[in-house]
Amino acid sequence: ERHDPANRGKGYALAVAIPRALAAGADAVVVLDADCELGRDTLRQMDAALAAGAGAVQAARVPRNPDAGPAAVVQAVGSAIENAVSAGRCRLGGSAALRGSGMAFTRAVLERHPWASYGLTEDAEYGAELARGGVRVRFLPDAVVRGEVPAEVSALARQRKRWRAALYGGGPGLLGRWLASKPLVLAHLMLTAAVVGALSAWVPVLFPLWAAVLLGLTAAVYLRAVRRAGVKSRGFWQAAGIVPRLAWVTLAGLADRGRPWERTPRAAEAGQS
């Protein structure tokens with residue numbers, strides 16, 4: 001256990017824990033949130049991937065309370081989409097995003113890139129450090145890590161306010177990070193469709209058709225994610241109303257970027273003071 005009121009947050013904790021693990025002779029380090037559950041074969045798959053030459057791996061994150069409320073539905077569907085995107089990027093030779101829990105690194109990588117990420121989104125910061133060093137993060141779609149997600153909309157909004165630090169504070173590549181932000185992409189898509197619809201009498205028929213195709217493809221992606229996440233259709237439609245709020249929370253980061261580290265309450269703590 002670590003107690004340090006001055007240096008709060010997961011990044012500082014990992015900066016203490018990882019060197020101790022390496023000093024004890026660890027060949028690799030797995031980072032796992034305390035409330036997470038590992039799939040039966042997850043550690044074995046991680047070990048095999050690292051032994052085969054991967055320097056860093058990320059397991060599939062799966063919420064274990066997808067029907068705890070509309071906020072949990074949003075995160076369950078979003079997680080399914082992120083897993084699919086990571087799998088696709090790796091199949092194309094790219095690198096998966098680190099997602100805080102269910103990630104593992106070899107001793108060689110941790111010694112070459114010592115953990116020094118202390119911000120609000122320490123996983124994104126360390127992922128950027130690995131990318132600069134040419135280390136590719138391999139995604140393991142069948143290695144599952146299940147954990148609770150916030151069930152209350154207010155808790156989800158607070159979490160997103162912390163996460164948006166990765167959007168605005170990651171240096172170059174702001175456009176790419178915006179394109180990876182699902183609330184912003186959806187907000188832009190809906191705005192585009194609304195504008196095209198309003199101007200449909202004055203624009204060529206190709207543009208309304210293009211907007212309809214975009215909406216159809218987006219709907220297909222989300223419906224597939226809903227099935228993967230095991231979300232009931234009623235919960236999906238209730239959750240749709242949360243997306244505009246998340247988009248606004250993300251956009252507000254243009255003016256409000258300073259935010260202290262704050263632990264996200266879990267579903268079991270809902271309603272507790």
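**View 1. The second largest pocket of the predicted model and the residues that line it.** In this predicted model, the second largest pocket encloses a volume of about 430 Å³. Its lining comprises 22 residues, of which S79, A80, N83, A84 and R228 are the closest to the pocket centre. By residue class, the lining of this pocket divides into 15 nonpolar, two polar and five charged residues.

**View 2. Secondary-structure elements around the second largest pocket.** At least two lining residues come from each of β3, α3, β5 and α10, the last of these spanning residues 206-229. Helix α3 gives the most to the lining, contributing eight residues. This helix, formed by residues 70-91, lies across β3 and β5 and runs at about 155° to β3.

**View 3. The five-stranded open sheet.** The strands follow the order β1-β4-β3-β5-β2, and their pairing is mixed. At the edges of the sheet are β1 (28-31) and β2 (37-38), each of which pairs on one side only. Helix α2, made up of residues 42-51, packs on the sheet and touches β1, β2, β3, β4 and β5 (137-147), with its direction making about 165° with that of β5.

**View 4. The pairing of β3 with β4.** In general, the strands of a sheet pair through backbone hydrogen bonds, in either a parallel or an antiparallel manner. Here, strand β3 (residues 56-63) and strand β4 (residues 103-106) are joined in the antiparallel sense over three bridges. Within this region, V57 stands opposite A104 of β4.

**View 5. The salt bridge between R64 and E37.** The structure holds eight salt bridges, among them the one that R64 forms with E37, in which the closest N and O atoms are 3.9 Å apart. Because R64 lies in the loop between β3 and α3 whereas E37 belongs to strand β2, the pair ties together parts that are 27 residues apart in sequence.

Definitions and conventions. Residues numbered from 1 in each chain as written. Predicted model: local features only at pLDDT ≥ 70, side-chain atom pairs only at ≥ 80, totals over all residues. Heavy atoms only, no water. Pairing = 2+ DSSP bridges. Helix = DSSP H or I, 4+ residues; strand = E, 2+ residues; numbered from the N terminus. Contact = heavy atoms within 4.5 Å. Axes fitted to C-alpha atoms, helices over the stretch in contact; angles between N-to-C directions. 1 Å grid on protein atoms, 1.4 Å probe; cavity = no way out; pocket = protein on both sides within 12 Å on 5 of 7 lines; lining within 4 Å. Points joined across faces, edges and corners; volume = space filled by probe spheres on them. Nonpolar A, V, L, I, M, F, W, Y, C, P; charged D, E, K, R; others polar. Salt bridge = Lys/Arg side-chain N within 4 Å of Asp/Glu carboxyl O.
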